[in-house]
Amino acid sequence: MEPTRWAGVFRDGRDLFTVNLTPGLRVYGEPLRTIAGVEYRGWDPFRSKLAALLLQPSAPELPGKVTTALYLGGAHGTTVSHLSDLWPSATIFVVEKSPTSFAPLLALSRRRPNLVPILSDAQLPERYRADVGLSEFLYQDVAQRNQAQIFAENARACLAPGATGVLMLKVRSVTQRRSTASVVREARATLASANLEVGIESPLAPFSREHVALTVRSPAHRPPSGDR
Ligand SMILES: C[S@@+](CC[C@H](N)C(=O)[O-])C[C@H]1O[C@@H](n2cnc3c(N)ncnc32)[C@H](O)[C@@H]1O
């Protein structure tokens, strides 16, 4: 097991692992491996687009340590459980709008106290921004037509100055007709018009062929709160 450039992420060949915050417990049937008294959880890139991103040559940095993070589209908690491993002392707010997915997410948060699930629509950040405050990392994985707009509005409401985020853009949820390049160009323009700096864009092949990951940074200075 080798450390990687992302604090808390380990690698054995092509396989990624995080240190299990809840030893003995699996979240989605992933393999557990104990070495020198430390239990590692396999991070499956076919189940988690963030793991798929970390396996790309253009993989971005992840914050080594955060106090607060905001995760949009938590589903059953597969990916966010690994962020929970990475940042044990953080508060990770997890927004999920489907009551069916929220139930297992709530159960997961009982075992992982750094996860705070919020049953809400990510299109309405004004409903949870007072609870979240300013987060240092924003992750979004919701299959909606206006994904870039949702990310921009959440960044404006909840992302700290100079903080980073990742938008997992599901191209076919935006349109069935236009090319991937055109959808990504439009998403970049939407994010840029919200004053967000868009860095690398990365495909997730061979793990997901439907998504492109966009790495985003918020401006170093926030506008006065009246403008938000
Ligand atoms: C692809 S799944 C997320 C998988 C998850 N991110 C993971 O990797 O473990 C997308 C989730 O986004 C949720 N979702 C879709 N639109 C949403 C919205 N407007 N607000 C909050 N959640 C939303 C869906 O209910 C679904 O659970």
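In which sense do strand β10 (residues 159–170) and strand β12 (residues 208–217) pair, and over how many bridges? The legends below describe close-up views of a predicted model, and the first of them takes up this pair.

**View 1. Pairing of strands β10 and β12.** Strand β10, which covers residues 159–170, and strand β12, which covers residues 208–217, are paired in the antiparallel sense, and 7 bridges join them. Within this pairing, valine 166 has threonine 215 of β12 as its bridge partner. In general, the strands of a sheet are held in register through backbone hydrogen bonds, and they may pair either parallel or antiparallel.

**View 2. The open sheet of 7 strands.** The strands follow one another in the order β8-β7-β6-β9-β10-β12-β11, forming an open sheet in which the pairing is mixed. At its edges lie β8 (115–119) and β11 (197–204), each of which pairs on one side only. When direction is ignored, neighbouring strands of this sheet are turned against each other by 15° on average.

**View 3. Helices packed on the sheet of 7 strands.** Helix α2 (residues 78–86) packs on this sheet and touches β6 (68–72), β7 (91–96) and β8, with a helix direction that makes about 170° with that of β7. Helix α3 (residues 99–111) also packs on the sheet, where it touches β7 and β8, and the direction of α3 makes about 160° with that of β8.

**View 4. The open sheet of 5 strands, with helix α2.** This open sheet has the strand order β1-β2-β3-β5-β4, and its pairing is antiparallel. The edge strands, each pairing on one side only, are β1 (2–3) and β4. Strand β4 and strand β5 (residues 38–43) run antiparallel and are joined by 4 bridges, and threonine 34 has glutamate 39 in β5 as its bridge partner. Helix α2 packs on this sheet, touching β2 (9–12), β3 and β5, and the direction of α2 makes about 55° with that of β3.

**View 5. Surroundings of threonine 22.** Threonine 22 is placed in the loop between β3 (15–19) and β4 (32–35). Because 15 other C-beta atoms lie within 10 Å, a count between the limits of 12 or fewer for exposed and 20 or more for buried, threonine 22 is classed as partly exposed. Residues up to four places away in sequence not being counted, threonine 22 touches Arg111 and Arg112. Glutamine 140 is 118 residues apart from threonine 22 along the chain, and the C-alpha atoms of these two residues are separated by 25 Å.

Notes: Residues are numbered from 1 along each chain as its sequence is written. This is a predicted model: local features need pLDDT of at least 70, side-chain atom pairs count only at pLDDT 80 or more; totals for chains, interfaces and linings use all residues. Helices (H or I, at least four residues) and strands (E, at least two) are DSSP runs, numbered from the N terminus. Two residues are in contact if their C-beta atoms, placed from the backbone, lie within 7 Å. Two strands pair if DSSP finds at least two bridges between them. Axes are lines fitted to C-alpha atoms, for helices over the stretch in contact, and angles run from 0 to 180 degrees between N-to-C directions.
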